[in-house]
Amino acid sequence: MTLLVRAGLLFTGTQEIENGWLLSRDGIIAEVGSGPHPPADEVVDEPNCVAMPGLVNAHDHMYQWATRGYVPDGTLFQWLRALYPVWARIDADTVRAAARAAMARLLLCGCTLSTDHHYVFPHGRPGIFEALVETASELGLRFHPCRGSMSLGESKGGLPPDSVVEDEDAILAHTEEMIGRYHDPKPASMCRVVVAPCSPFSVTPELMRDSAALARKHDVRLHTHLAETLDEERFCIERFGRRPLELMEDLGWTGDDVWYAHGIHLNDAEVGRIAEDKTGIAHCPSSNMRLGAGVCRVEDLVRAGARVGLGVDGSASNEDANIAMEAHQAILLARVRNASPHALDARSAWRLATQGGADCLGRVDCGTLEPGMCADIACFRIDDLAHAGIKDPVAGLALAPPSRAQTVVVNGRVVVREGRLLTADEDEIAREIAATSARLAG
Ligand SMILES: [Zn+2]
């Protein structure tokens with residue numbers, strides 16, 4: 001099965017080719033060129049679009065699509081304390097409806113590869129992780145689900161109520177079961193499982209250590225939240241006598257198989273160590289601004305050589321899932337932080353949104369449009385009212401982020417065409433998440 005994608009401008013991640021085309025064969029890019037093109041079974045012709053590598057979402061909590069708009073003005077800890085009791089009521093049906101909404105929105109905005117950090121598993125509600133994996137397969141998204149966890153409840157000095165934490169042996173056993181059932185390490189894999197205790201204030205150091213050992217036993221990746229707020233930093237210093245990164249270093253949680261969400265409150269030495277150890281950072285600018293968490297030192301991290309990707313974070317602290325918007329926010333926020341328009345340019349921001357995220361997720365076969373890479377492609381219109389006539393469309397699309405993609409290809413399969421999802425009914429998903437959100441609100 002071959003697919004040919006032609007575009008007014010093909011931005012491969014390294015080259016910008018006018019009237020470029022690429023040929024995908026069985027989901028893998030076979031050829032890239034311009035001018036005369038080879039024949040193909042299916043042709044997508046987008047003369048009024050920029051085609052670029054599919055965007056990568058390096059941090060999310062998809063179940064939160066069912067709890068958008070809560071605590072619009074709280075800090076992270078205030079927001080979490082208010083939401084934990086609502087989240088304690090979720091089940092597999094809630095998670096499926098939320099994941100369908102989150103994944104539909106991601107795909108419609110040009111995201112082709114996403115992780116999901118799911119860490120709420122209320123007692124006696126089976127099938128939650130399965131619902132996530134099945135939904136990604138239904139909608140056609142390349143997916144890296146994290147089996148997250150919380151084990152440090154309020155009664156033991158943690159932040160979450162005891163009703164949403166799990167027994168540590170059960171967490172490890174279920175995580176291993178999910179790796180065995182769903183993790184596919186092969187090239188062009190559509191599903192890879194990640195081990196992901198939630199944060200230093202919601203799991204014990206023992207679970208962090210045991211999770212790292214489990215992940216390394218199965219050669220899967222590790223993910224957690226780190227250095228998101230000063231409240232977290234105070235918690236770590238008071239409880240463990242260590243700054244968040246020092247704690248994780250002690251627990252064996254650094255290296256090229258680890259990526260953290262946020263990485264905001266890092267000092268100069270820590271930025272250097274993150275880069276040296278090849279630990280990844282998923283920068284989530286909208287969520288960080290929404291919660292007033294602080295400003296990630298994204299330019300310092302990039303300059304130091306760190307792996308940096310972008311994430312939408314859960315939609316309870318973003319209310320949307322548009323990676324192009326995160327690229328836009330990353331540019332503006334970096335420039336505010338440095339009081340300089342040179343802090344982060346558009347092409348660097350697109351690199352974070354594509355190759356940077358793929359790097360965090362350990363995908364050497366995603367993130368650019370070159371022969372041998374997965375055929376994951378996003379095409380954005382530059383003839384619509386928002387972009388018509390815009391100079392330098394690659395920069396223009398980052399400065400004026402598109403609210404949806406025109407065509408999206410995942411694994412050589414067209415999943416969005418003319419801005420409409422082909423794999424599910426968008427309006428039905430919207431009705432379903434409205435009903436689910438109302439039910440959960442009680
Ligand atoms: Zn998060």
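In the predicted model examined here, in which local features need pLDDT of at least 70, side-chain atom pairs count only at pLDDT 80 or more, and totals for chains, interfaces and linings use all residues, helix H5 buries Leu-207, Met-208, Ser-211, Ala-212, Leu-214 and Ala-215, where buried denotes under 20% relative accessible area, exposed over 50% and partly exposed in between, with a 1.4 Å probe and protein chains only. These residues cover an arc of only 165° around the axis, which places them on the same side of H5, the arc being that of the directions from the helix axis to the C-beta atoms. Residues are numbered from 1 along each chain as its sequence is written, and side-chain values use heavy atoms, with hydrogens and water left out. Helices (H or I, at least four residues) and strands (E, at least two) are DSSP runs numbered from the N terminus.

The 14 residues of H5 (residues 205-218) should span 20 Å at 1.5 Å a residue, and the end C-alpha atoms are indeed 20 Å apart, which agrees; the expected span is 1.5 Å times one less than the number of residues. The buried residues of H5 pack against strand E7 (142-149), helix H4 (168-182), strand E8 (194-197), E9 and helix H7 (244-250), contact meaning heavy atoms within 4.5 Å. Just after H5, Asp-219 adopts a positive phi of about 55°.

Helix H8 (residues 268-277) has Glu-270, Val-271, Ile-274 and Ala-275 as its buried residues. Seen down the axis of H8, these fall within an arc of 135°, so they line one face of the helix, while Asp-268 and Glu-276 are exposed on the other side. The packing partners of the buried residues of H8 are H7, strand E10 (258-262), strand E11 (280-283) and helix H10 (298-304).

Strand E7, one of the elements against which H5 packs, contains Cys-146, which is buried with a relative accessible area of 0%. When neighbours within four places in sequence are left aside, the contacts of Cys-146 include Thr-115, Asp-116, His-117, His-118, Phe-129 and Trp-259, together with Val-194, Ala-196 and His-223. The C-alpha atoms of Cys-146 and Ile-179 are 9.8 Å apart in space, with their positions 33 residues apart in sequence counted as separation.

The zinc ion is coordinated by His-59 (NE2), His-61 (NE2), His-225 (NE2) and Asp-313 (OD) at 2.1 to 2.4 Å, donors being N, O and S atoms within 2.8 Å of the metal (3.2 Å for Na, K and Ca); water is not among the atoms, so sites may look incomplete. The angles among the four donor atoms run from 88 to 177°, and the site is irregular, a class left for anything that is neither tetrahedral (four donors, all angles between 85 and 135 degrees) nor square planar or octahedral (four or six donors respectively, opposite donors over 155 degrees apart and all others between 65 and 115). Along the chain, the donors follow the spacing H-x1-H-x163-H-x87-D. His-59, in the loop between strand E5 (55-57) and helix H1 (76-87), and His-225, in strand E9 (residues 221-226), are 166 residues apart and link distant parts of the chain. His-59 counts as buried at 0% relative accessibility, as does His-225 at 7%.
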